[in-house]
Structures are given as structure tokens and as C-alpha cells.
Amino acid sequence: MANYYQQDIECASRDQIRKWQNARLIKQVKNVYDNVAYYRTRMQNMGMEPGDIKSIDDLHKLPFITKDDLRDAYPYGLLARPLSECVRIQSTSGTTGRRVVAFYTQHDLDLWEECCARAIVAAGGTKDDVVHVSYGYGLFTGGPGLNGGSHKLGSLTLPMSSGNTERQIQFMTDLGSTILCCTPSYAAYLGETVQELGVKDKIKLKAGIFGAEAWTEEMRQDIQNLLGIKAYDIYGLTEISGPGVSFECSEQTGMHINEDHFIAEIINPNTGEVLPDGEKGELVFTSITKEAFPLLRYRTRDICVLSREKCSCGRTHVKMSKPMGRSDDMLIVKGVNVFPSQIETVLINQGFAANYQIIVTRVKNSDRIEVQVELTPAMAADTTFNRQQAADKLVAGLKAMLGIYAKITLVEPKTIARSEGKAVRVIDQRNLYQG
Ligand code: DLL
């Protein structure tokens, strides 16, 4: 059985990582130029040829690629290998516009699963663990990615997929699941249900690997307490492979990017200028080892910060912060930038759980924002709990955080629809209200 704590790779010197990246980038640029008409034309239009890229210092000379470019190229326009060499398709979970489809050769699947295996190991997993995968299976990469990683590690894998929460908990207790993989919102829901059923002492979970959507440090604490586990973040996107592009280690202070496969840059989202480590901006990835669907300088729209500070776990790969929201998730309400994560922080700091929905409307050209917040079961049961005071306190907290008034509506526990996939946090109805 291979060892998926790949110390020689994950703890390599920065010089060694740079050497890998230089060689792989040069090869990848030639590959896309030779095999993908889209890239060849764009580079030719810029007067470039593959030989112009001599090291990662030249990366900034290459054009960006965006989700719109991927949609325009749907379905085969960016394929760099004959379809006959591809063995898998996955697709993004987007609900609007054309979906993006990503192709994988067997080699691509192996590398992706290896990245997921590294993530499970970083969360304390070994071949003796029972890995309970409650991400959705199918076109979404969550289930297949973690499933593959767990197989590679040799752990016993429970391919639960999402939904049927009581059955999930039944299997968890009967089969002794030790590592839970799902979205953080579903983990919180599972945690609440475990509490309600009074079976916390029957579950053997020790860790969770949660990602695919934004979640705050406060939500991490909640999930850790509800399930009695250590909760690790995992990040990825279909276009670049799926989960496992980066993952947290025992330090839980950011996610190590698998730099032997992906080169990360942070750019100013407005100007495209590359920013130094430590500055906040849009994350851009170049996949240097992928065969079927390699992307150069893909703009993720995720806003975060990179850090190369020494990590106590020994890994040397650069760390990315939790995405602070997507540049296209950011709401502009009354001219103010609002990220759902800011609202979540206020709610959790005031004792609520991350069960909320943000509704934005426009009345007579003026934006209105309402946050519907579920009472926790304890608040709802407490006859002395003053709902008006709690709502006023939330309004004040949001005003301090965002600088604008947000209406608060407290609703009964479990009345906001739970998602088994990514949580739906925002309902923007402004295009319906032009009054
Ligand atoms: O969400 C892949 C994935 C599955 C990651 C399971 C982690 C766990 P997509 O559906 O293509 O792929 O969505 C990618 O989700 O650009 C981010 O905006 C968001 N995202 C993914 N992981 C995180 C995370 C999968 N840990 C998009 N924190 C990305 C915040 C995340 N946002």
C-alpha cells in the first residue's frame, strides 16, 4: 500500500518545488499549444509561442481563462487528449448558464484521488479508518473525489452520498464511521440530528473533512462541539480536478495547496495584476500535471490570501486562507459589499447556528436586506428567551459589521430548508422588484 503522507513531496524544499513547477509548466504550455486550438490561437494572437515560457516567472505572460471561456468551449473545445483516452466526466454544480464539463484520463483520476488521499491523511486518516462519504455522488466531484482518496489510502469506504439523515446516523453508529466527509452545512445538520436522537455517545467519529462551500471559524466550532470531532477544511473546484486542490493539516490555519500539481497566484480581480503573498485577491490556478483538461491561469473568482509561513506540520506547500467569499457571491446592497460569511459570523457570535437565509429585494429603487434566522431548539424551548431583544441585538451586530440596516426575522427551528448539497444562503429577488 502506498504511503499517502508523501513526505518527499509534501515537505520538499521550496527550491525543489520550484524545479518541479518550472519543468511541468514548460511541458504543459507546449502540450496545450500543440493540442488545444483555443490556446494556440490565443497565444498566437498575443504573438507568443511556447518557448517564451521558460520558468514560472514567465507565468504572468500567459492569458487568463475564465468560466465564460469554458462555457463557450462546451463540451469538447478545451480537450487536450482524444476522447478515446478519457475515462470520466464530472461537471460543476452551477445552476445558471451552460454547465462546465471536465474530462479525466486514468492518469488524471489517479492524481486527483492521490490529492484526496493526502487530505484524508492530513486529517489523521489511515487505512484503519472507516471513511463515511456523504458528499453527493454523480456529476458533482465531492463524492467521487473523497471516495477515490479513501480507496487509495486503503480505508474502509462508506459511499453514503447525501440525504436520508437517519440512515446516515444508523450506519455511522452500526459500522463505526471514524471520518465524515460532507459539506459543512450538512455536517451541522447531522450534528443537530445526532443531538436530537441522543446518540452522540454511540458514534465513533474523530474527524470531518468539510468543504465545497464557504464556512466560518464559528461554524467550525459549532460542528466540532456537536459531533465531538476535529473539523478540517478541504477546497477544490471541478475545473481544476475537484476536492483536494488544497486541504487543512493539524494546524487548521489554512489549506496546503498541492503545489506539485497546481500553481497558485493571487491577482487583483479588477486589474489582473499579480499580487504578492499575504495580499487578498482572486485565486488563479494553473494545472501542470493534468492530461485531458489542463487549464492555464484559471480565474476561480474565490477571494483569499496565500501564506508561505512555516507550518508546524512540516508541509512546505503554500497555504491558502479559507475563501472569504466568491467575487460573484458578494452582494452589493445599498452600495455596500456584503459577504454571507460576515452575516454568519455575527449570528454565530450571538449564539445562533448557521441556519439562515438572506433575502434581498428592491422597493422603489432602494435595496432591502432581510436575514431569516432560525432559533436554536434551546432558544425556542426557553420561555424566558426574549425574541425581540435577540432580534434587536442581531440588527445592531449586523449594522456594526456591515454598516447598513438589515431586517431580522427569527423563525422556528428547522423551518429553513436544509440542503444536502451546497447550502442556499442568498435569495436575490431584486430583478423581480423594480417598483
Ligand atoms: O465544490 C469541489 C469540492 C467538493 C470541494 C467537496 C471540497 C469538497 P465545484 O462544485 O466546482 O467543486 O465548486 C467549486 O466551491 O470555486 C469555491 O467557490 C467553492 N468551494 C469549494 N471548496 C470550498 C471551501 C467543489 N472549502 C467552488 N470553502 C469553489 C469555501 C469552497 N468555498
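Ala, Val, Leu, Ile, Met, Phe, Trp, Tyr, Cys and Pro count here as nonpolar, Asp, Glu, Lys and Arg as charged, and the others, Gly among them, as polar. With these classes, the lining of the largest cavity comes to nine nonpolar, four polar and two charged residues. The model examined is a predicted one.

Empty space inside the protein was considered next. Rolling a probe the size of a water molecule over the atoms shows where empty space is left. Across the whole structure, the search returns three cavities of 30 Å³ or more. The largest cavity has a volume of about 140 Å³. A total of 15 residues line this cavity. Ala417, Arg418, Ser419, Ala423 and Arg425 are the closest to its centre. Two elements, helix 8 (184-197) and strand 17 (356-363), give two or more residues to the lining. Helix 8 gives the most, with three residues.

The second largest cavity has a volume of about 60 Å³. Its lining is made by Asp108, Leu111, Trp112, Cys115, Ser241, His261, Phe262, Thr289 and Lys290. Helix 5 (residues 106-122) gives the most to this lining, with four residues. By class, the lining divides into four nonpolar, three polar and two charged residues.

Pockets, unlike cavities, are open. The second largest pocket holds about 370 Å³ of space. It is lined by 19 residues. Nearest its centre lie Ile56, Ile263, Ala264, Glu265 and Arg308. Helix 2 (14-35) and strand 10 (262-267) each supply at least two residues of the lining. This lining divides into 10 nonpolar, two polar and seven charged residues.

The ligand was then examined. It is surrounded by 22 residues. The closest are Asp233, Ile234, Thr238, Asp302 and Lys422. By class, this shell has nine nonpolar, seven polar and six charged residues. Strand 7 (residues 230-237) gives the most to the shell, with five residues.

Polar atoms of the protein approach the ligand at several points. An N or O atom in the side chain of Asp302 is 2.6 Å from an oxygen atom of the ligand. The side chain of Asp233 places an N or O atom 2.8 Å from a nitrogen atom of the ligand. Glu213 takes part through its backbone: an N or O atom there lies 3.2 Å from a ligand nitrogen atom. These three distances qualify as polar contacts because each pair of N or O atoms is within 3.5 Å. On its own, the ligand has 610 Å² of accessible area, and the protein covers 94% of that area.

Strand pairing was followed from strand 17, one of the elements that line the largest cavity. Strand 17 pairs with strand 18 (residues 366-374) in the antiparallel sense, over eight bridges. Within this pair, Ile358 stands opposite Val371 in strand 18. The two strands form a hairpin with two residues between them. In this hairpin, Lys364 takes a positive phi near 50 degrees.

Strand 18 also pairs with strand 19 (residues 407-411). These two strands run parallel and are joined by five bridges. Val371 appears again here, with Ile408 in strand 19 as its bridge partner. Val371 of strand 18 thus faces Ile358 and is also bridged to Ile408.

Technical notes:
Residues numbered from 1 in each chain as written. Predicted model: local features only at pLDDT ≥ 70, side-chain atom pairs only at ≥ 80, totals over all residues. Heavy atoms only, no water. Near = heavy atom within 4 Å. Polar contact = N/O pair within 3.5 Å; in protein donor to acceptor, adjacent residues only side chain to side chain. Areas by Shrake-Rupley, 256 points an atom, 1.4 Å probe, with all protein chains shown as cover. 1 Å grid on protein atoms, 1.4 Å probe; cavity = no way out; pocket = protein on both sides within 12 Å on 5 of 7 lines; lining within 4 Å. Points joined across faces, edges and corners; volume = space filled by probe spheres on them. Pairing = 2+ DSSP bridges.
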